[in-house]
Amino acid sequence: MIRTRLLATLGVLAVLCLLSLMIGARAVPPGDVLGALFGDRGPDIEGIVWGARLPRTVLGLLVGAALGLAGAVMQALTRNPLADPGLLGISAGAAFGIVAAAAVVGVSTFYGYIGFAFAGAVLASVVVYLLGGAGRGAASPVTLALAGVALTALLTSLTSGIALIDPEALNRYRFWDAGSLAGSDFGVVWRLAPVLLAGAVVALAVAPALNSLALGTDVAAALGRRVGLVRAGAAVSITLLTAAAVAAVGPIVFVGLVVPHLARVVTGPDHRWLLPISALLAPVLLLAADILGRVVARPGEVGVGVVVAVVGAPVFIGLVRRRRLAEL
Amino acid sequence: MPARIRPLLVPACLAGATAAAFCLGLAMGAHWVDPVDVVRALAGSGDRFALLTVNELRLPRALVGLLAGAAFGVAGAVFQTVTRNPLASPDMIGISAGAAVAVVAGIVLGIDPAGLGLAGGLLAALVVYLLAWNQGTTGYRIILVGVGVTWVCTSTTSWLLTKAELYQAQQAVGWLVGNLGDSTWQDVPALAVSAAVLVPGVLLLGGWLRTLQLGDEIATGLGTPVQRARLVLLLAGVGLVAFATAAAGPIAFIALASPQIARRLAGAAAPPVLASGLTGALVVLAADLLARQVQLPVGVVTGVFGAPFLMWLLIRKNRYA
């Protein structure tokens with residue numbers, strides 16, 4: 001049963017990948033797109049396919065998978081169905097990294113900005129965990145979330161302050177903040193891939209232990225799980241996955257929060273299945289939103305972050321209204 | 001400290017500090033006006049320069065700061081108590097985001113943004129409440145629906161910012177962070193009337209707040225009309241925040257942090273309404289004193305100093321727990 005659904009999801013994902021290669025600002029015949037993938041169709045079409053659409057599609061796949069995985073792990077770690085990457089200060093850290101890179105350091109390359117955004121996101125997340133867990137005992141979800149909100153407020157204030165003083169920083173920040181897959185190339189993909197791979201490996205490694213953790217800390221410890229180690233692993237994977245994804249494409253809401261819930265409908269609560277299915281469902285959403293964004297405002301396009309929010313919010317509100325809240 | 005004195009002493013100290021910050025706000029600025037001259041100007045005499053500075057520039061600014069800060073603080077306490085969630089704040093429930101998207105749209109499209117903030121905030125709150133209504137509603141569902149509405153508003157704001165000219169984007173970011181620099185007497189009446197009606201109203205309904213905080217079942221058992229109480233209290237909070245945001249912008253964080261700070265100062269189990277309002281006013285006024293010196297909007301300063309204070313409270317509490 002699960003296997004059939006897994007295959008169906010894979011099929012949908014493959015179709016979306018093809019569509020993502022076919023659809024864009026310039027109409028290219030499908031035959032030429034496929035031709036350019038495998039052979040020679042002239043520099044013009046190859047430039048569009050290899051230079052823009054293929055890296056964009058691959059980036060969508062990677063970032064989507066990362067957000068889905070991170071969301072599922074985060075909900076298991078905090079045992080909170082509402083845990084969302086934005087909550088732990090990761091997005092605010094990345095935003096601060098970008099304006100700091102523009103105004104203070106004077107970075108001028110695209111990769112430089114992504115690097116600073118990643119560093120800011122990782123630092124923010126580490127500070128939140130340290131704050132939330134300071135003092136005795138483990139970090140309670142509420143303390144962790146409050147620490148995240150406090151740090152987000154601090155970083156957002158600093159970001160706005162810098163953006164008001166430095167127009168170049170504001171310019172960088174506003175285009176990053178809208179969330180977009182456009183403009184990416186394989187350079188971004190190769191730089192992100194190792195980080196995301198590391199995060200995914202850690203996430204899948206702690207998946208069986210997350211099942212025990214869902215029964216409560218005491219039970220997990222009695223079952224022989226090293227609770228502290230599992231939590232640390234989960235935190236590391238969330239940070240790596242989300243920080244890299246957000247740094248590259250900007251803050252994307254909805255995906256990390258809702259995909260694990262959809263995945264739970266497909267697989268049930270077993271994290272060994274839940275995590276891979278989340279990693280497949282999330283890119284389905286992200287690619288579909290990206291393709292929609294290219295179609296709705298021709299010849300321009302709407303960034304994937306905006307499409308996801310505007311299409312996702314009604315779905316989310318519908319879920320909230322219908323399902324019993326304990327399940328969500 | 002004896003347990004009985006603290007609930008009285010804390011608001012008294014907060015009120016004193018707020019009054020001091022308010023008076024300093026009249027004297028301090030680009031140039032210093034002596035307290036004697038301030039009093040004289042308030043009474044309507046003295047030299048013309050002091051009259052202009054104190055009565056036309058600093059007094060409306062200080063009044064907007066005082067009232068908006070208090071409104072944010074009280075509304076935050078109401079939201080956090082009614083939803084029983086320390087993270088619930090109007091920032092999360094869509095009001096600020098709704099006001100923001102309306103004002104930014106006004107700036108980008110070249111419409112005078114006065115009044116748009118109020119309309120956007122109230123509209124967002126209405127949409128959230130209607131969508132959260134399904135044979136009654138719960139605090140949890142209001143937060144969740146608010147999250148969804150906030151997504152739409154925030155991402156639309158981001159998209160508008162990418163479509164704007166750079167100078168428009170600067171103006172929009174200046175408003176988005178919360179700014180008292182442009183306050184005039186025009187901003188005062190609506191804000192003052194709403195605060196004068198709604199703050200005492202919320203204080204009078206303190207009994208409902210105390211029972212709602214115990215949970216729906218217990219509150220019903222104690223005779224509180226839960227649905228009606230929640231609706232009335234949330235409406236009051238929405239009104240306060242909508243008017244405050246329209247006058248001063250969504251000053252980061254005051255509604256969220258003031259109740260938490262006040263609760264910890266007062267050593268109470270739930271956010272005390274009066275102390276939360278005073279904390280909000282104090283934080284905004286004090287932050288504005290500093291904001292004038294560094295030529296930045298007040299929202300930058302509240303975030304930069306308020307957030308570490310909340311962090312410190314969190315760490316301290318963790319140690320004791």
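Trainee: Let's start with helix 8 of chain A: at which residue does this helix bend?
Mentor: Good place to begin, and keep in mind that this is a predicted model. Helix 8 of chain A turns by about 45 degrees along its course, and a proline, A:Pro208, follows the bend within four residues. The residue at the bend is A:Ala207.

Trainee: How far does helix 8 of chain A reach from its first C-alpha to its last?
Mentor: This helix covers residues 186-213, which is 28 residues. At 1.5 Å a residue, the expected reach is 40 Å, and the model comes close to that. The value is 38 Å.

Trainee: Moving to helix 4 of chain A, how many of its residues are buried?
Mentor: Helix 4 spans residues 90-105 and has 16 residues. The helix is largely enclosed by the rest of the structure, because the buried ones number 14.

Trainee: And which residue with a positive phi follows helix 4 of chain A?
Mentor: Look just past the end of the helix. The phi there is near 75 degrees, and the residue is a glycine. Its name is A:Gly106.

Trainee: A:Phe254 is not a glycine but has a positive phi; is A:Phe254 buried or exposed?
Mentor: Its phi is about 75 degrees, and the residue sits in the loop between helix 10 (227-249) and helix 11 (255-267) of chain A. To decide, count C-beta atoms: a residue with 20 or more others within 10 Å is buried. A:Phe254 has 27 of them, so it is buried.

Trainee: B:Gln295 also has a positive phi without being a glycine; is B:Gln295 buried or exposed?
Mentor: Here phi is about 60 degrees, and the loop in question lies between helix 13 (273-294) and helix 14 of chain B. The exposed class takes residues with 12 or fewer C-beta neighbours. B:Gln295 has 10 inside 10 Å, so it counts as exposed.

Trainee: What is the radius of gyration of chain A?
Mentor: Chain A has 13 helices and 0 strands. For its 328 residues the globule rule gives 20 Å, and the chain comes close to this, so it is as compact as a globular protein of that length. The C-alpha trace spans about 65 × 55 × 35 Å along the principal axes. The radius of gyration is 20 Å.

Trainee: Turning to chain B, how many helices does it have?
Mentor: Chain B has 0 strands, so to speak of its pattern is to speak of helices. Its C-alpha atoms fill a box of roughly 65 × 55 × 40 Å. The helix count is 14.

Trainee: What share of the residues in chain B is buried?
Mentor: Chain B has 321 residues to consider. Among its contacts between residues at least 6 apart in sequence, 75% join residues at least 24 apart. The buried share is 55%.

Trainee: Which class supplies 29 residues to the side of chain B that touches chain A?
Mentor: In total, 42 residues of chain B are in contact with 44 residues of chain A. Helix 6 (139-163), helix 7 (166-176) and helix 14 (298-320) of chain B each supply at least two residues of that side. By class, the side has 11 polar and 2 charged residues, and the other 29 are nonpolar.

Trainee: Finally, what average pLDDT does chain B have?
Mentor: The whole model scores ipTM 0.84 and pTM 0.83. In chain B, 95% of the residues score at least 70. The average is 85.

Terms used
Residues numbered from 1 in each chain as written. Chains lettered and ligands numbered in written order. Predicted model: local features only at pLDDT ≥ 70, side-chain atom pairs only at ≥ 80, totals over all residues. pLDDT = per-residue confidence, 0-100. Contact = placed C-beta atoms within 7 Å. Nonpolar A, V, L, I, M, F, W, Y, C, P; charged D, E, K, R; others polar. Expected span 1.5 Å × (residues − 1). Bend = angle between axes of the 7 residues up to and from the residue. Rg over C-alpha atoms; globule rule 2.2 N^0.38 Å.
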